[in-house]
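Biologist: I am new to this structure and would like to go through its charged side chains and a few single residues with you. Could you show it first, and then take my questions in turn?

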Amino acid sequence: MQNKRTVERQCIGCRENKGKKDLIRIVKTPEGDIALDFTGRKNGRGAYLCDNYECLKKARERKALSRSFRMDVPDDIYDELEREWHDRE
């Protein structure tokens with residue numbers, strides 16, 4: 001029996017590698033919208049964050065989404081992501 005490999009991704013906040021299932025995906029859709037993707041199945045380019053609000057704050061300070069998505073991500077997008085983050089709790 002083969003062992004399944006765990007797929008790892010790097011958190012854009014703390015920059016630690018973790019299992020993909022332990023991270024929350026942020027997706028930029030082909031239309032250019034940015035949203036949290038709790039299912040991990042939405043179509044588009046993804047970036048990953050730990051399930052930790054501090055990592056979202058670090059990503060905002062570093063403008064990590066702008067680098068990941070190769071576009072300027074305005075502050076109101078981060079505000080919207082923070083609201084989505086708090087609404088799910």
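Modeller: A salt bridge here is a side-chain nitrogen of Lys or Arg within 4 Å of a carboxyl oxygen of Asp or Glu. Please keep in mind that this is a predicted model.

Biologist: With that meaning in hand, how many salt bridges does a search of the whole structure find?

Modeller: The search runs over the whole structure and looks for a side-chain nitrogen of Lys or Arg within 4 Å of a carboxyl oxygen of Asp or Glu. One of the pairs that fits is Arg25 with Asp37, and the number of salt bridges found in the whole structure is four.

Biologist: Which strands hold Arg25 and Asp37, and how many residues apart in sequence are the parts that the pair ties together?

Modeller: The closest N and O atoms of Arg25 and Asp37 are 2.8 Å apart, and the two residues form a salt bridge. Arg25 belongs to strand β3 and Asp37 to strand β4, so the pair ties together parts whose separation in sequence is twelve residues.

Biologist: Are Arg25 and Asp37 buried or exposed?

Modeller: The word buried is kept for residues under 20% relative accessible area, whereas exposed means over 50%. By that division Arg25 and its partner Asp37 are both buried.

Biologist: Which residues are joined with Arg60 into one network by salt bridges that share partners?

Modeller: Arg60 meets Asp79 in a salt bridge of 2.7 Å, N to O, and since Asp79 lies in helix α3 (residues 75-88) and Arg60 in helix α1 (residues 53-62), the pair ties together parts that are 19 residues apart in sequence. Arg60 also forms a salt bridge with Glu82, with the closest N and O atoms 2.8 Å apart; Glu82 is in helix α3 and Arg60 in helix α1, so this pair links parts 22 residues apart in sequence. The residues joined with Arg60 into one network are therefore Asp79 and Glu82.

Biologist: Within that network, which class does Glu82 fall into, buried or exposed, and at what relative accessibility?

Modeller: Arg60 has 23% relative accessibility and counts as partly exposed, and Asp79, at 30%, also counts as partly exposed. Glu82 is found in helix α3 and touches Tyr53, Leu56 and Arg60, not counting residues up to four places away in sequence. As the limit for buried is under 20%, Glu82 counts as buried, its relative accessibility being 16%.

Biologist: Which residues gather in the patch of negative charge on the surface?

Modeller: One member of this patch is Asp33, whose place is in the loop between β3 (23-28) and β4 (34-37). The residues that gather in the negative patch are Glu31, Asp33, Asp72, Asp75, Asp76 and Glu80.

Biologist: And which residues form the positive surface patch?

Modeller: Lys20 is among them; this residue sits in the loop between β2 (17-19) and β3 and is partly exposed, with a relative accessible area of 34%. The positive surface patch is formed by Lys4, Arg9, Lys20, Lys21 and Arg41.

Biologist: Which residues is Glu8 in contact with, leaving aside its neighbours within four places in sequence?

Modeller: Glu8 is placed in strand β1 (residues 8-10) and counts as partly exposed at 45% relative accessibility. Once the neighbours within four places are left aside, the contacts of Glu8 are Asn17, Lys18, Gly19 and Lys20.

Biologist: Where is Arg70 found, and does it count as buried or exposed?

Modeller: Arg70 has a phi near 55 degrees, a positive value in a residue other than glycine. Arg70 is found in the loop between α2 and α3, and at 66% relative accessibility Arg70 counts as exposed.

Biologist: What does Ala47 touch, not counting residues up to four places away in sequence?

Modeller: Ala47 belongs to strand β5 (residues 45-50), and at 4% relative accessibility it counts as buried. Between the C-alpha atoms of Ala47 and Asp75, 28 residues apart in sequence, there are 17 Å in space. The residues that Ala47 touches are Ile12, Ile24, Arg25, Ile26, Leu65, Ser68 and Phe69.

How values were computed
Residues are numbered from 1 along each chain as its sequence is written. This is a predicted model: local features need pLDDT of at least 70, side-chain atom pairs count only at pLDDT 80 or more; totals for chains, interfaces and linings use all residues. Side-chain values use heavy atoms; hydrogens and water are left out. Patches are made of residues with over 30% relative accessible area and no salt bridge: like charges are joined within 9 Å, nonpolar side chains (Val, Leu, Ile, Met, Phe, Trp, Tyr) within 5 Å. Accessible areas come from the Shrake-Rupley method with a 1.4 Å probe; for residues, only the protein chains shown count as cover. Lys and Arg count as positive and Asp and Glu as negative; His and the chain ends are not counted. The place of a charge is taken as NZ of Lys, CZ of Arg, CG of Asp or CD of Glu. Helices (H or I, at least four residues) and strands (E, at least two) are DSSP runs, numbered from the N terminus. Buried means under 20% relative accessible area, exposed over 50%, partly exposed in between (1.4 Å probe, protein chains only). Contact means heavy atoms within 4.5 Å.
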